[in-house]
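Trainee: I am new to this structure. Could you take me closely through one part of it, and then show me what lies around that part?

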Amino acid sequence: MHPFSLSRPTDVLAAIAAHAQNARLAFIAGGTDLIGLMKDRVTLPDHLLDINRLVGISQIEALRDGGLRIGALARMSDVAANPDVRSRFPVIAESLLFAASGQLRNMATIGGNIMQRTRCTYFRDEDDLPCNKRRPGSGCSARYGINRNHAIFGWSDDCVATHPSDLAVALAALDANVLVRNPGGQRLIPFAGFYRLPGNTPEHDNVLERGDLIVAIEVPARNEGGASHYLKLRDRQSYEFALVSAAVAVAADRRRISLARIGMGGVAHKPWRLTRSEAALRGVSLDDIGALKLALAVSFADARPLAHNAFKIELAQRVALRALETAGARL
Amino acid sequence: MRVDVSMIVNGSLRTLEVEPRTTLLDALRDELALTGPKKSCDRGECGACTVHIEGRRILSCMTLAAMHDGHQITTIEGLESNGSLHSLQEMFIEHDGFQCGFCTSGQIMSAVAMIEEARAGWPSAATTDVTKPFTIEDLSPAEIRERMSGNLCRCSCYPNIVAAVAEVAGRR
């Protein structure tokens with residue numbers, strides 16, 4: 001790795017002030033993504049600020065109203081094993097357990113998980129191939145390259161990458177909020193507005209700015225949270241990023257859907273909500289597979305496959321259907 | 001820039017002066033001559049560098065030594081006690097759980113901590129229903145395979161590794 005300096009403060013405000021003042025400074029928590037990016041020379045910060053000693057941002061709290069507050073420094077494995085997380089929002093526990101490996105889940109944090117960068121092989125290529133996300137203006141190697149793993153929704157000619165986080169798909173489906181602190185104070189960013197589509201500035205994955213530190217994720221109480229499920233399809237059965245995944249939470253009145261929340265991973269630059277399908281599913285019986293399929297198809301009318309990933313359109317609908325059935329079985 | 005790091009490594013206090021960019025793996029191997037943890041992929045993909053920090057299994061290639069001042073580290077060299085092998089080391093021999101041996105220290109360090117995770121009731125991606133409590137009795141071969149998927153074996157000794165882990169997990 002390139003040489004850099006390192007500091008290990010304990011005070012949140014001091015860490016934020018240092019970040020705000022130095023454009024060449026990066027926060028490091030679990031390090032499981034950042035260290036790989038530095039080894040591959042994708043990211044070359046001059047200074048790392050180790051946030052692991054910051055006080056007060058690692059607790060997992062089950063709120064009295066039925067919601068959750070997950071500190072940014074909570075480890076993936078602790079959140080996945082937490083009894084309140086598992087009973088209130090199984091989709092969150094499952095999205096974490098289907099990600100990475102046992103060792104990585106003991107290291108990686110919740111804040112870092114939603115900040116991880118795309119697995120597009122051109123972005124991470126050691127030979128520094130053209131990539132607008134890595135080097136703005138250099139071009140997109142995947143647009144007309146090997147793009148089997150890439151987006152079918154929301155991409156631009158400048159970037160066709162997908163977001164790799166499984167947890168983010170679950171949090172998007174649940175309309176969670178990201179609690180962010182900066183020198184000016186604290187603000188809640190709804191998940192729907194946290195990530196960006198690539199447009200012509202794919203170097204920005206999300207709306208965070210210099211001086212911002214994620215301190216927690218807040219999951220509002222959801223009646224449908226208990227009837228939720230995360231289904232992930234990948235090229236091998238374990239320890240792999242998603243080809244396509246679905247996070248579903250559902251509420252029903254005598255098997256007729258009253259509310260469905262569906263987020264999909266592996267299909268876009270951000271977790272992709274099937275908003276139109278969610279509306280079409282209202283009133284449909286969980287036992288009427290034909291009607292469920294028709295309602296799910298609504299959101300795929302505007303899918304735009306690339307040269308190598310048209311299969312994802314059919315696959316994603318099957319994943320969403322099976323996740324919906326499994327979530328429905330938890331009612 | 002160099003920073004001082006003091007760690008309890010295999011029960012002994014060790015103080016080092018390292019560059020911030022030194023990974024924990026490089027510090028263990030090059031500064032402390034603990035070559036049990038192996039440098040294989042160096043990208044968090046193979047598990048050969050697995051060690052314990054405060055009893056938890058982690059990948060030492062994907063963390064910086066300077067981030068672990070004050071921590072307790074255990075490597076495969078620290079697993080035996082009073083000259084006797086850990087039961088998992090014995091079972092790897094008994095069940096022929098290795099051929100070339102390059103992944104073995106990572107496999108064993110991972111498995112020792114994994115069994116503790118299962119005893120603590122942690123579910124996995126192989127768990128049928130994460131909303132229900134998990135006990136060590138639920139640690140089936142499928143559960144072991146899923147929980148050990150972060151450790152690759154190029155010689156493909158997987159069935160024997162699973163047998164060794166299952167035997168130790170089944171004892172108290």
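Mentor: We start with one sheet of chain A and then work outwards.

Keep in mind that this is a predicted model. The part to look at is an open sheet of four strands in chain A, in the order β9-β10-β11-β12. Its pairing is antiparallel. Strands of a sheet pair through backbone hydrogen bonds, either parallel or antiparallel.

Which strands stand at the edges? They are β9 (228-233) and β12 (272-273) of chain A. Each has a single partner strand, so one side of each is left without a neighbour in the sheet.

Now go to β10 and β11. Strand β10 of chain A covers residues 244-253, and strand β11 of chain A covers residues 256-265. They pair in the antiparallel sense over nine bridges. Take one residue as a marker: A:Val248 has A:Ile262 in β11(A) as its bridge partner.

Helices come next. α5(A) packs on the sheet and touches β9 and β10 of chain A. Its direction makes about 20° with that of β9(A). Helix α11 of chain A, residues 311-328, lies across β9, β10 and β11 of chain A. This helix runs at about 40° to β10(A).

Chain A has another sheet to set beside this one. Three strands form an open sheet in the order β1-β3-β2 (chain A), and here the pairing is parallel. At the edges stand β1 (5-7) and β2 (25-28) of chain A. Each of these has a single partner strand, so one side of each lacks a neighbour in the sheet. On average, neighbouring strands of this sheet are turned by 25° against each other, direction ignored. β2(A) pairs with strand β3 of chain A, residues 47-50, in the parallel sense over four bridges. Find A:Ile28 there: its bridge partner in β3(A) is A:Asp50.

Some of these elements also face chain B. In all, 30 residues of chain A are in contact with 33 residues of chain B. The elements of chain A that each supply at least two residues to that side include β1, β3 and α5 (90-97). Which element gives the most? It is α6(A), with five residues. By type, the residues of the side of chain A that touches chain B divide into 14 nonpolar, twelve polar and four charged.

Cross over to chain B. It is divided into domain 1 (3-77) and domain 2 (87-169). The C-alpha centres of the two domains of chain B lie 22 Å apart. Their contact takes 15 residues from domain 1 of chain B and twelve residues from domain 2 of chain B. On the domain 1 side, β3 (50-53) and β4 (56-59) of chain B each supply at least two residues. β3(B) gives the most to that side, with three residues. The residues of that side divide into six nonpolar, six polar and three charged.

Finish with helix α2 of chain B, residues 87-94. Its buried residues are B:Leu88, B:Gln89, B:Met91 and B:Phe92. Seen down the axis of α2(B), they fall within an arc of 165°, so they line one face of the helix. An α-helix has 3.6 residues a turn, so residues three or four places apart point the same way. The buried residues of α2(B) pack against α3 (104-119) and α5 (158-169) of chain B. Just after α2(B), B:Asp96 takes a positive phi of about 60°.

Terms used:
Residues are numbered from 1 along each chain as its sequence is written. Chains are lettered from A and ligands numbered from 1 in the order in which they are written. This is a predicted model: local features need pLDDT of at least 70, side-chain atom pairs count only at pLDDT 80 or more; totals for chains, interfaces and linings use all residues. Two strands pair if DSSP finds at least two bridges between them. Axes are lines fitted to C-alpha atoms, for helices over the stretch in contact, and angles run from 0 to 180 degrees between N-to-C directions. Domain bounds come from an automatic or database domain assignment. Two residues are in contact if their C-beta atoms, placed from the backbone, lie within 7 Å. Ala, Val, Leu, Ile, Met, Phe, Trp, Tyr, Cys and Pro count as nonpolar, Asp, Glu, Lys and Arg as charged, and the others, Gly among them, as polar. A residue is buried if 20 or more other C-beta atoms lie within 10 Å of its own, exposed if 12 or fewer, and partly exposed in between; C-beta atoms are placed from the backbone. The arc is that of the directions from the helix axis to the C-beta atoms.
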